[in-house]
Amino acid sequence: MAATGSGAATEPPGLETQRREIEALLREEELRVGESWYLVGKRWFDLWDEYVKTGDQNAPSFPGRIDNTELFENSYRLKERLVENEDFVLFPAEAWHKLLSWYGMVEEQPALERKVIDLPSTLKVEIYPVEIFLCLHSNMDDVVTEQFSRTDTILAIQKVMQKRFEVAEDAEPRLWMKSSDTSCERLRNVHVTVLDACLSSGMTMIMELRNSDGTWPSSRPQIMRNSVDEQDTYRGQPGVCGLTNLGNTCFMNSALQCLSNTPPLTEYFLRNSYLDELNFNNPLGMKGEIAEAYADVIKQMWSGRHYSVVPRIFKTKVGHFASQFLGYQQHDSQELLSFLLDGLHEDLNRVKNKEYIELRDADGRPDQEVAEEAWRNHRRRNDSVIVDTFHGLFKSTLVCPECHKVSVTFDPFCYLSVPLPVSKERVMEVFFVSLDPLSKPVQHRVVVPKAGKVIDLCMALSQTTDIPANQMVVADVFNHRFYKIYHVDESLSCILDRDDIFVYELSSTCAGEDEEEVLLAVYMRERSHYRDYGSGGSNYSTTLFGHPLLMALPRAQCTRDSLYQLFLQRLARYVRQPDPAEEVEEEEEEDENDGEENDEEEELYKNQANGVTGDEGEEDSEKAGPSTREEESQENAQNDRHNKNNVHSEASPSSEGKERAEEEEEEEEESNSEPDRGSSTEEGQSACGSTDTNSQDAADGEQGAAEASGKEDEDDVEDEEDAEPIARVNKRAMARRCCAEKKRKPLFTIQAVNSNGTTDQGMVDGGSTFSSCSPLYVAIDWDPDMKKKYYNENEAEKYVKDQSMDVPQQQTTVQLQECIELFTTVETLEEENPWYCPTCKKHQLATKKLDLWSLPEVLIIHLKRFSYTKYSREKLDTIVDFPLRHLDFSGCLLRKAGTDCEPPSRYDLIAVSNHYGGLRDGHYTSYARNKDNGQWYYFDDSKVTCAKEEQIVTNAAYLLFYQRQDKIRQPTLPPPDNHITSTNHDGGGGAMEID
């Protein structure tokens, strides 16, 4: 508002001159935005108009001093609903000043100055300014009232408030607008006008001042403390502050710690330089919100008042503007860093309106000229602290292979993504399962081509085992089933390092020339004790266990009886076959106790129809006799002793299992329904029951015949009386043993299943022959009692290690300079990314070479440890030996540095982002050098410890931050006392430990 007018007036010109000048100004003056106009009461103006028209300076209509009394209420407040040309007249500034100089103004009356504002589609003098209530957040009872034009900026209101409430000019305030409904809204952009901010009369403007610990009173984050009183008591080294893991946010914490310890960027925010450069109108930016959220985190970390800060608001902002970071999944710290640097650049871009610039090719011009033009064009659209600190320039050269057209461009970069030298070979660990049923699986370590096929794995294993490669089949075992059975022509890149790979030996000549061969996949399942009636039928649920088997056999042998004998042989190492003598003994006990078999159990095994029948049962009984079993036991014992003497360790392959991400939610124990399987009439009869009756009748018949013969020939009876009881007993024993052999229960049953082993499949040929598909999946189903009695789980899980497992794997180490040289190596473009040659007028697979032209003050080097191709994904754990000091780029920098005392091509390390783990999981940490005391620290989320320089170079290094030596400021504080250890201040989440 203008100051109060003075009562003194200069000598006015003639009345006619006054009238002519004022009328000309009123008639010719146009409204212009921002100009001032003044209100004059209609009563005074009418007196003046009559006075000048009379031409008599002594006329009684002399108006006197300008008097607007009729326009005011109390305290010179303008009355409401005044109407132009009825209550007042508007004068342009020049006309007003003339009248004021001629007539003066009533004492203490304020001049009614009003601004011209640009309303939608019209210009208008603002008669009634916006009246706003002002107060501080710390004392909201002390309210003052001020009027502001709609063209005034929020910054002008802020300065008025700082003056009225005596707030220091260098303080960092932020403003809130409170409407009548008590809702508050943050006024982020202080450069907009009151009109654009939609402020209206009656609203309250609240000024909030940042706390000394970097937080804001209105939205104080959760700080890790022992007590709230520590806000005023704790004093730590600024910047030595942890970041709480909000849930898989270690990638974000690692990147933030590295940027926090980048001196030029941190000092920029600590000095509040960002406030004047916030770009709220950039369509490529985030309306300044990312920059403000980042500034809040930095100010808290560098306040020296916190052990650990919770970056929850920052995480929310990042997820709002980059949906890939929503939620709490693990991400890549380099991807977060790339987004953050780009977001900060656009939020702080000093270029408000980006112009279109057409890029030109070199066309034979000197590199210096083209590079300067490219950098100048880049700065015309991109000018921020990020460009000042992190952007460099590299030269890109493309050569057409057909016309040899050379295209040279210079492109800016924010970080260097350098590849790591990749070995063409790969080490794989597999388990080899021999055909010998008494041999344990052997774990081998073999070297194969990284781009090889499964047959290459078999050939490498063949050299170790002397088994032909064509007699091997490779499978991935997971959760007791075959996750995948590989073909020999499949790529090895499909197999991950964490997969449990089993290689099975197949028989060499298992089928004749005309016989069809079947690949048989065998699962182990344990049947529950009780039927499951919940699924609508009387079925038994099953659970997979143990290691599956693969074998090849002729189609003719795919019957239950043949497979039963085959499986008994293959499982001989850990499945004990029953002793016939102990079975007969058990049956006799049953006869004594009950006199008959349990009907329900007998019916179950009759219906299974998987028992051994006929002559095959007799042959099996002979093979499994006491003498044979004793010999096999001796062989097993000798074999076990031999293995123990020749290997380092025995364990279970499952102990080296993995967790497959795509089957994380799959339960290890799966249940399925096993329907009651009815058998053919012949098989049911041969299992037990009728066979027992027929055998007993035959024995009784023989005994009756002997007695009849004795009656007819009594003379011979006396000679044979002593031999008769012995023969009769032998015949009865033979009959009983034959019955027992035929009645013996099978150890397990066999069922065709699907590839997961969870669903039973149908049979062919009346239920005795399996289907003709290959591979054929079958399950060996064990009754829990039979499994407990005859199946040795400990023995089944054992395996031995080949001597190749004892050879330690050498850790590959490369120099950082090698990676940089590889970055600048000539390469041919891929077919998916050809280059359009302007001469040939078509796309070409040109050769491309990148060279470094100029480097920034802070150079970020991204080590490309994660390799993604169309068929493979892997993480390279190669150790990159990078220097902590004097990294010299003079040998690979095209633009040579000057002859200053410190060449600008030499860099020192200031921070490292580390990644531990594999592709889909892992943990991020960081090393960083504090800019104030020069001490290295290790940041692991909320835990911070002192670090030594020799600890920094590891195979986990992922992002390297280097600062140019001529820009490094010497530490201003002495190094800390490394023997002082502080206690845990954030519960179980982490601690500040200075060792």
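The largest cavity in this predicted model comes out at about 210 Å³. Its lining takes in 18 residues, and those closest to the cavity centre are Val433, Pro441, Leu549, Arg573 and Tyr574. In terms of secondary structure, two elements, β19 (501-505) and β21 (539-554), give two or more residues to that lining. Strand β21 gives the most, with four residues. Counting everything of 30 Å³ or more, the structure has five cavities. As for how such voids turn up at all, rolling a probe the size of a water molecule over the atoms shows where empty space is left.

Over to the sheet built from β1 to β4. This is an open sheet of four strands, ordered β2-β1-β3-β4, and the pairing is antiparallel. The edge positions go to β2 (88-92) and β4 (122-125); each has a single partner strand, so one side of each is left without a neighbour in the sheet. On average, neighbouring strands here are turned by 30° against each other, direction ignored. Taking the β3 and β4 pair in detail, four bridges join β3 (residues 112-119) to β4, and the two run antiparallel. One bridge can be pinned down by residue: aspartate 118 has leucine 123, in β4, as its bridge partner.

Two helices pack on this sheet. Helix α2 (residues 42-54) touches β1 (36-41) and β2, and its direction makes about 85° with that of β1. Helix α3 (residues 93-103) also touches β1 and β2, with a direction at about 105° to that of β2.

Tryptophan 853 gets a closer look next. This residue sits in strand β31 (residues 847-854). With a relative accessible area of 7%, tryptophan 853 is buried, because the cut-off for that label is under 20%. Setting aside neighbours within four places in sequence, the contacts of tryptophan 853 are Asp367, Gln368, Ala371, Leu393, Phe394, Lys395, Phe410, Leu893, Leu894 and Arg895. The last of these, arginine 895, is 42 residues away from tryptophan 853 in sequence, yet the C-alpha to C-alpha separation is 5.3 Å.

Finally, the cysteines. The structure holds zero disulfides. Cysteine 840, for one, is in no disulfide: its nearest cysteine sulfur belongs to cysteine 403 and lies 3.3 Å away, whereas a disulfide calls for sulfur atoms within 2.5 Å. Cysteine 258, for its part, counts as buried, because its relative accessibility is 1%.

Key. Residues numbered from 1 in each chain as written. Predicted model: local features only at pLDDT ≥ 70, side-chain atom pairs only at ≥ 80, totals over all residues. Heavy atoms only, no water. Buried < 20%, exposed > 50% of the residue type's maximum accessible area, 1.4 Å probe, protein only. Pairing = 2+ DSSP bridges. Axes fitted to C-alpha atoms, helices over the stretch in contact; angles between N-to-C directions. Contact = heavy atoms within 4.5 Å. 1 Å grid on protein atoms, 1.4 Å probe; cavity = no way out; pocket = protein on both sides within 12 Å on 5 of 7 lines; lining within 4 Å. Points joined across faces, edges and corners; volume = space filled by probe spheres on them.
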